[in-house]
Amino acid sequence: MSTVSEDIAQRDRSFRDRVLEEYGGLQGILFLLPTLVLLTGIVFYPMVVNGFLLSFKQFTLNPDAVDPWVGLENYEYWLFGQGQSLFLFSLKMTLLYELVVVPFDLVVALGAALVMNESLPARPFWRGLMLAGYASPAIAAGLVWGTMEQAATYGLVYNTLNIFFDIPASGGITSNTPWAFWGVVIAKVWRDFGFMYVVFLAGVQSIPKELYEIAKVDGAGPVQRFRYITLPHLRTVIVTVVMIRTVFTVGKVAIPWAVTKGGPVNYTTFLGVAIFKSAFLNWSMGQAAALGMVFAVGIIPLILIWVRTETEDY
């Protein structure tokens with residue numbers, strides 16, 4: 001009968017064997033080592049030293065000033081103190097932002113991919129044009145959309161939407177609620193739908209054309225071909241891309257900041273913008289780091305879901 005120590009040793013050996021099998025033995029781990037060292041230097045080290053430890057200090061940018069250790073005071077500020085109302089409101093608006101932007105992004109990108117897969121005059125040109133937003137710097141795209149959403153000479157978006165909706169001219173879309181939220185959403189989708197579009201276009205092109213021809217012979221219309229052929233073949237791609245877009249949208253600052261600067265008041269201050277304002281407007285680096293840590297812990301479930309989708313078959 002084996003002893004407890006022998007069982008533990010056997011379990012340890014099994015774990016080591018599983019790791020070596022997963023990564024292709026010792027040689028595979030050695031190939032991964034440079035990447036792990038690089039990630040440790042540029043991701044994990046700053047996150048621990050400049051993020052986690054900073055969140056327990058009253059940090060300033062003055063190199064001669066002493067940064068006193070304040071313990072959990074910065075966390076208490078956001079969770080139970082004066083910053084609680086802003087934290088809860090930012091959290092609510094961030095969730096709403098995600099629930100609107102990601103599906104909107106998905107519909108626009110999938111629609112563009114389906115259209116660009118058809119025979120069109122000058123199709124390479126139109127396919128390239130679909131990537132114009134994604135190829136432009138996010139901050140520049142946000143500033144341009146912020147200008148177009150003003151009630152001014154270049155307010156193309158404002159003047160178009162004002163035909164259908166009664167939007168106050170004072171401040172335009174970006175300075176009035178709830179228009180400011182939708183102004184950020186439109187700018188964000190235009191800037192970022194190119195990523196989903198490229199992936200969906202590749203997925204659509206990989207579907208055998210014979211399936212569509214057979215479906216046409218059987219009398220299937222465009223909606224039926226989309227539902228029973230296109231959608232099932234793109235299911236894995238859609239799940240993966242939606243998870244990637246969800247994770248990488250939640251903390252983005254450039255577009256919301258460039259379009260509205262988090263306003264009016266704090267109406268479009270999503271969590272990423274709240275961290276940015278705390279750090280670089282209020283110069284409260286410790287409080288910003290604490291909110292960043294709370295934010296990082298909050299998105300861990302999203303990352304785990306993403307990893308799970310990458311390892312599952314659909």
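Across the whole structure, which is a predicted model, a search finds 17 aromatic pairs. One of them joins Tyr97 and Phe270, whose ring centres lie 4.2 Å apart with the planes at 15 degrees, and because planes under 30 degrees apart count as stacked, this pair is described as stacked. Tyr97 belongs to helix H4 (residues 84-116), whereas Phe270 sits in the loop between helix H12 (254-260) and helix H13 (271-280), so the pair ties together parts that are 173 residues apart in sequence. Both partners are shielded from the surroundings of the chain in the sense of accessible area: Tyr97 is buried, with a relative accessible area of 2%, and Phe270 is buried with a value of 2%.

A second pair, formed by Tyr134 and Phe195, has its ring centres 6.2 Å apart and its planes at 35 degrees, so the pair is tilted. Here, too, distant parts of the chain are linked, since Tyr134 lies in helix H6 (residues 132-135) and Phe195 in helix H9 (residues 179-205), 61 residues apart. Tyr134 counts as partly exposed, at 37% relative accessibility, and Phe195 is likewise partly exposed, with a relative accessible area of 24%. Elsewhere, ring pairs connect Phe52, Phe56, Trp69 and Tyr75 into a cluster.

Tyr97 leads on to the nonpolar interior. The largest nonpolar core has 37 residues, and Tyr97 is among those with the most contacts inside it, together with Phe181, Val185, Met196, Tyr197 and Phe200. At least two residues of this core come from each of H4, helix H7 (138-148), helix H8 (156-161), H9, helix H11 (222-249) and H12, and H9 gives the most, with 12 residues. The surroundings of Val185 can be followed residue by residue: leaving aside its neighbours within four places in sequence, Val185 is in contact with Tyr97, Val100, Val101 and Phe104. Apart from the largest core lies another core, of 18 residues, which includes Met285, Ala290, Leu291 and Phe295.

These details can be set beside the record. An unreviewed UniProt entry places the feature "transmembrane region" at residues 23-45, 95-116, 128-148, 234-259 and 288-307. Over residues 128-148, the chain in the model is 81% helix and 0% strand, with the end C-alpha atoms 23 Å apart. Over residues 288-307, the chain is 100% helix and 0% strand, and the end C-alpha atoms are 28 Å apart.

Notes
Residues are numbered from 1 along each chain as its sequence is written. This is a predicted model: local features need pLDDT of at least 70, side-chain atom pairs count only at pLDDT 80 or more; totals for chains, interfaces and linings use all residues. Side-chain values use heavy atoms; hydrogens and water are left out. UniProt positions are given in the numbering used here, feature names are shortened, and annotations may be inferred rather than shown by experiment. Helices (H or I, at least four residues) and strands (E, at least two) are DSSP runs, numbered from the N terminus. Rings of Phe, Tyr and Trp (its six-membered ring) pair if their centres lie within 6.5 Å; planes under 30 degrees apart count as stacked, over 60 as edge-to-face and the rest as tilted. Buried means under 20% relative accessible area, exposed over 50%, partly exposed in between (1.4 Å probe, protein chains only). A nonpolar core is a set of buried Ala, Val, Leu, Ile, Met, Phe, Trp, Tyr and Cys residues joined through side-chain atoms within 4.5 Å. Contact means heavy atoms within 4.5 Å.
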